[in-house]
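Take a first walk through this protein. Begin with the whole, then move to its parts.

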Amino acid sequence: KNDARLEPSLQELDKTEVDMIEQFKKMTRQGSYASVKVIEHHKEGFTVIAEDDIQKMTLICEYSGEVDLARNRVFDENDSIMDLLRTPHSSSSLVICPEKRGNLARFINGINNAKPESLSKKNVSSIRFNVSGQCLSLIHISEPTRQAEISYAVFCLKKK
């Protein structure tokens, strides 16, 4: 169950911020996203690039997909699994798995956080909030991003 009370450290949004998130979600459901697009890159495969310069802290999308218990995905080889709710127990921790359903967040390139040279590429981050009692994971630009620049993020905290 997506119960944000299980992770007390999550920031709870006030009514104005919740209204802003709801407006953002409404816009994305209608197809209005930040100026990005998914392309097929000759080295990276399908990836997200900036269509125009994008300012730091610009919201890109909500990370979406099937929600599952973390314990069910321990040995999953999917490289796009995102934490949704972190608790001390895998029986109550939740992850988002964009295997069957998802959005453009699925195509943001993940990088190996064990290599300092990889981390220097990072220009996208995720942030999780308590929104009306449920966890929500949003993707935003963490560094100013130039037109045609590929999006890179550290989604997995495991070192490989």
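The paragraphs below go from overall confidence and size to the elements, one sheet and one pocket.

This is a predicted model. How confident is the prediction on average? The protein averages a pLDDT of 89. Of its residues, 96% score at least 70. Confidence varies between elements. Strand β5, residues 66-69, has the highest mean pLDDT among them, at 95. Helix α2, residues 116-119, has the lowest, at 81.

Next comes overall size. The C-alpha atoms fill a box of roughly 40 × 40 × 30 Å along the principal axes. The radius of gyration is 16 Å. Why does that value agree with a compact globule? The protein has 160 residues, and a compact globule of that length would have a radius of gyration near 15 Å, so the two values agree.

Now look at the elements. The protein has two helices and 11 strands. Read from the N terminus, the chain opens with a strand, and a helix follows. Then come seven strands in a row. A second helix comes next, and three strands close the series.

Some of these strands form an open sheet. Three strands take part, in the order β5-β7-β6, and their pairing is antiparallel. In general, strands of a sheet pair through backbone hydrogen bonds. Which strands lie at the edges here? They are β5 and β6, and each pairs on one side only. Neighbouring strands of the sheet are turned by 40° against each other on average, direction ignored. Take one pair in detail. β6 covers residues 82-85, and β7 covers residues 94-97. Three bridges join β6 and β7 in the antiparallel sense. At one of the bridges, M82 has I96 in β7 as its partner.

Finally, turn to the second largest pocket. About 230 Å³ of space lies in this pocket. Its lining has 16 residues. N2, K25, E62, C135 and L136 lie nearest its centre. Which elements give two or more residues to the lining? They are α1, residues 15-29, and β10, residues 134-141. The largest share comes from β10, with four residues. What classes of residue make up the lining? Eight are nonpolar, five are polar and three are charged.

Methods: Residues numbered from 1 in each chain as written. Predicted model: local features only at pLDDT ≥ 70, side-chain atom pairs only at ≥ 80, totals over all residues. Heavy atoms only, no water. pLDDT = per-residue confidence, 0-100. 1 Å grid on protein atoms, 1.4 Å probe; cavity = no way out; pocket = protein on both sides within 12 Å on 5 of 7 lines; lining within 4 Å. Points joined across faces, edges and corners; volume = space filled by probe spheres on them. Nonpolar A, V, L, I, M, F, W, Y, C, P; charged D, E, K, R; others polar. Pairing = 2+ DSSP bridges. Axes fitted to C-alpha atoms, helices over the stretch in contact; angles between N-to-C directions. Rg over C-alpha atoms; globule rule 2.2 N^0.38 Å.
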